[in-house]
Amino acid sequence: MTEFKPLRHIPHANVFRKGDVFVLFGELFGRGYVNGLIDEARAAGMTIVGITVGRRDESGALRALTAEEHAEAEEKLGGRIINVPLMAGFDMDAPEGEQNPTEMLSGITLKSWQEDKLDWEKIERCREAGVRRFTSSAATVMAEIDKLVPQGANVFFAHTMAGGIPKIKAFLAIANRIYKGRGERFMSSRALLDSDLGKLILMNFDEVTANTLKYLIDASSKIRERVTAAGGEVRYTAYGYHGTEVLIGNEYVWQTYTNYTQGYAKMRLESVAEAAWKQGVWATVFNCPEIRTNSSDIFVGVELPLIPLLKALKREGGGAWADEQWRICQDLLNEGVSLQSVLDKLEGYNQDATSAHFRNFEAWPMDNTPALADVMIGTSDEITALHKDRKALITDHLSSLVLEGAGPLMFHGAAEKIAPVLWLSHDIIARQLNELHK
């Protein structure tokens, strides 16, 4: 278990400048955490370089982007993309003539999944095939990026890879019960983790979310050695999640979303950064606050910790701009519903003994329970129902603010070389936002 180390000061270290290179190690698809980092890199005048995960053809084979897809991806990034597929994970990989894990899982049903067994020797051969493919492609990509790094330039590598759920029909129904189910529809997250399906998913999470940071650090060693030999600086960042401190009562308290199945892979990601740090490679995992994204929407209740950010904005020296964020959020609610009543409802949820039981840092990530599902999903549903439009929520607006605040904290925090793992809690996010909007 990593030592809890929240970032408590706003970093202002400024290593990167015009002519330096920012490398996005993960494809940019929509609005997410990395946009804040890209904004900072662009403002510093850095050259933006990216990669692609590639695409699957009709047979499932991995391919590079077409000319049209490549042009579209480069326009979205605002930089050059090396068109060599870097799809992480091994769920679609297999030795020649053998089934891949997704094919092995194709017969799984809602009735059978807890009893269905996998051949782990075959799975390991698939994993090895996937790692060979990825690391070979990563070496090719880094050789191309090396040509784009001028002598005397600094380099910032931003790792954004995460995920790893195999595409099988039965899983969405299973996930809906684990992450959205209450009462008779509730399903234990432990049932998933104890099944062969769950064990495979955890293995693939490790490959996609964590091990790819190690593969990046290894593949970029020649770039790093050349840059540092010339007196330059190299930094690596990655996006973690390991709970967040939010205001509960009148103090910042660590809390978390449960069950966060990817938590094991996120801890492995932290350990990769810690090992790199010991070797003099400055890689920092920033454990960021909960936000709403397209991929997080299956996790009902993950958005609840966002709401106390409104209180943090005022507590951390917020003035007229903080008041304006309260007004914006108030306007999203139904007539007759006060923003304070929403904050009170959330405070009641946080003070509930069931919720408090899961604020156990050492035991993270804990399994879900029927009682937690009732109070968490119930509170989420109640708060969502208080809005004028279910597609325009307070938590959407607050998510965009967290993204805005996290970007400069990560960009300058990485430059400062503070620690291999840092938490960005609501206090520092609020202080950064208030400073940006003075």
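This is a short conversation about reading the fold of a predicted model.

Reader: Happy to start with the overall picture. How many helices and strands are there in the protein?

Author: The protein has 16 helices and eleven strands. Its radius of gyration is 22 Å, close to the 22 Å that the globule rule gives for 438 residues, so the protein is as compact as a globular protein of that length. The C-alpha trace spans about 60 × 55 × 40 Å along its principal axes.

Reader: Thanks! Now the sheet: in what order do the strands come, and is the pairing parallel or antiparallel?

Author: The general idea comes before the case. Strands of a sheet pair through backbone hydrogen bonds, and the pairing is either parallel or antiparallel. Here, seven strands make an open sheet with parallel pairing, and the order is β5-β2-β1-β6-β7-β10-β11. The edges are taken by β5 (80–85) and β11 (421–423); each has a single partner strand, so one side of each lacks a neighbour in the sheet. From one strand to the next, the twist averages 20°.

Reader: Suppose I zoom in on one pair. How many bridges join β7 to β10?

Author: Five bridges link β7 (residues 234–240) with β10 (residues 283–287), and the two strands run parallel. To find your place, look at Y236, whose bridge partner in β10 is A283.

Reader: Nice landmark. Which strands do helices α2 and α9 touch or lie across?

Author: Helix α2 (residues 67–77) packs on the sheet and touches β1 (21–25), β2 (47–52) and β5. The direction of α2 makes about 135° with that of β5. Helix α9 (residues 263–278) lies across β6 (155–159), β7, β10 and β11, and runs at about 150° to β10.

Reader: And the interior? Which residues touch the most other members of the largest nonpolar core?

Author: In soluble globular proteins, nonpolar side chains tend to be buried together. In this model, the largest nonpolar core holds 100 residues, and F22, L37, F156, L197 and L424 touch the most other members. Helix α15 (residues 394–416) is the top contributor to this core, giving eleven residues. For a closer look, select L37: beyond its neighbours within four places in sequence, its contacts include F22, F156, Y239 and F411. There is also a second, separate core of 37 residues, with L86, A210, A238 and A273 among them.

Reader: Last one, on totals. What share of the residues is buried, and how much area does the protein expose?

Author: Buried residues make up 55% of the 438. The protein exposes about 18500 Å², of which carbon and sulfur atoms supply 50%.

Key:
Residues numbered from 1 in each chain as written. Predicted model: local features only at pLDDT ≥ 70, side-chain atom pairs only at ≥ 80, totals over all residues. Heavy atoms only, no water. Pairing = 2+ DSSP bridges. Helix = DSSP H or I, 4+ residues; strand = E, 2+ residues; numbered from the N terminus. Axes fitted to C-alpha atoms, helices over the stretch in contact; angles between N-to-C directions. Contact = heavy atoms within 4.5 Å. Core = buried A, V, L, I, M, F, W, Y, C linked by side-chain atoms within 4.5 Å. Buried < 20%, exposed > 50% of the residue type's maximum accessible area, 1.4 Å probe, protein only. Rg over C-alpha atoms; globule rule 2.2 N^0.38 Å. Areas by Shrake-Rupley, 256 points an atom, 1.4 Å probe, with all protein chains shown as cover.
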